[in-house]
Amino acid sequence: MRLALACALAALASTAQAATVTVQVSGVQAGGGQVYVGLCPTALQESSCTQGDQRAPRGGTMTFAFRGVAAGALAVAVYQDANGNGRLDRNALGVPSEPYGFSNDVGRLAPPTFAGARVEVR
């Protein structure tokens with residue numbers, strides 16, 4: 001179960017130091033728990049995600065916009081809490097058992113890395 005993730009970066013006209021990061025999440029399943037999106041500037045760990053948003057899922061594609069994002073590197077992590085327990089469930093091997101995804105579509109064939117998921121905000 002994978003969520004596809006696309007990131008679009010658009011600079012705000014009001015300041016050169018802030019941008020709007022738009023995240024499109026496709027493959028969302030209707031029903032179940034929330035869809036969580038996090039912007040992670042240093043690592044792909046929940047504690048590293050400094051900005052986040054969550055919404056009830058609507059099947060298909062959902063768009064999340066984060067305003068005032070500082071210029072620099074970040075990665076985007078997303079998951080759908082299908083059973084509504086407030087966390088990303090994993091199997092006995094530590095592999096997520098709920099839909100998830102990362103920027104640049106890393107993590108499909110091997111564990112995701114920050115370097116692989118890194119996008120540059122300008």
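Trainee: How many disulfides does a search of the whole structure find?

Mentor: One. Bear in mind that this is a predicted model, where local features need pLDDT of at least 70, side-chain atom pairs count only at pLDDT 80 or more, and totals for chains, interfaces and linings use all residues. Residues are numbered from 1 along each chain as its sequence is written, and side-chain values use heavy atoms, with hydrogens and water left out. A disulfide here is a pair of cysteine sulfur atoms within 2.5 Å. The pair in this case is Cys-40 and Cys-49, with an S to S distance of 2.1 Å.

Trainee: Why is the disulfide of Cys-40 and Cys-49 called right-handed?

Mentor: Look at the torsion about the S-S bond: it is about 60 degrees, so the disulfide is right-handed.

Trainee: And is Cys-40 buried or exposed?

Mentor: Go by relative accessible area: buried is under 20%, exposed is over 50%, and partly exposed is in between (1.4 Å probe, protein chains only). Cys-40 has 0% relative accessibility, so Cys-40 counts as buried. Its partner Cys-49 comes out at 24%, which makes Cys-49 partly exposed. Over the chain, buried residues account for 38% of the 122 residues.

Trainee: Let's step back to the fold. In what order do the elements of the chain run?

Mentor: Helices (H or I, at least four residues) and strands (E, at least two) are DSSP runs, numbered from the N terminus. This chain has one helix and eight strands, and the order from the N terminus is β-β-β-β-β-β-β-α-β.

Trainee: Now the empty space. How much of it lies in the largest pocket?

Mentor: The general idea first: rolling a probe the size of a water molecule over the atoms shows where empty space is left. On a 1 Å grid over the protein atoms alone, a pocket is an open set of points where a 1.4 Å probe fits, with protein on both sides within 12 Å along at least five of seven lines; a cavity is a set the probe cannot get out of, and lining residues have an atom within 4 Å of a point. Points are joined across faces, edges and corners, and the volume is the space filled by probe spheres set on them. Here the largest pocket holds about 680 Å³. It is lined by 27 residues, and the closest to its centre are Ala-77, Tyr-79, Leu-88, Arg-90 and Phe-102.

Trainee: Which strands each supply at least two residues of that lining?

Mentor: Strand 3 (35-40), strand 4 (51-55), strand 6 (72-80) and strand 7 (100-102). Strand 4 gives the largest share, four residues.

Trainee: How do the lining residues divide by chemistry?

Mentor: Ala, Val, Leu, Ile, Met, Phe, Trp, Tyr, Cys and Pro count as nonpolar, Asp, Glu, Lys and Arg as charged, and the others, Gly among them, as polar. On that scheme the lining has 15 nonpolar, eight polar and four charged residues.

Trainee: What about rings: how many aromatic pairs does the structure hold?

Mentor: A pair of aromatic rings is described by the distance of the centres and the angle of the planes. Rings of Phe, Tyr and Trp (its six-membered ring) pair if their centres lie within 6.5 Å; planes under 30 degrees apart are stacked, over 60 edge-to-face and the rest tilted. The structure has two such pairs. Tyr-36 and Tyr-79 are stacked, at 4.9 Å centre to centre and 15 degrees between the planes. Tyr-36 sits in strand 3 and Tyr-79 in strand 6, so this pair ties together parts that are 43 residues apart in sequence. Tyr-36 and Tyr-79 are both buried. The other pair, Tyr-100 and Phe-102, is edge-to-face, at 6.0 Å and 65 degrees, and both of these residues are buried too.

Trainee: Which ring does the charged end of Arg-55 sit over?

Mentor: The ring of Phe-64, 4.3 Å from its centre. The test is that NZ of Lys or CZ of Arg is within 6 Å of the ring centre and within 35 degrees of the ring normal.

Trainee: Last one, the backbone. What is the phi of Asn-104?

Mentor: Positive, about 60 degrees, although Asn-104 is not a glycine. Asp-105 also has a positive phi of about 60 degrees without being a glycine. Asn-104 lies in the loop between strand 7 and helix 1 (114-117), and Asp-105 is found in the loop between strand 7 and helix 1 as well. Asn-104 is partly exposed at 46%, and Asp-105 is partly exposed at 38%.
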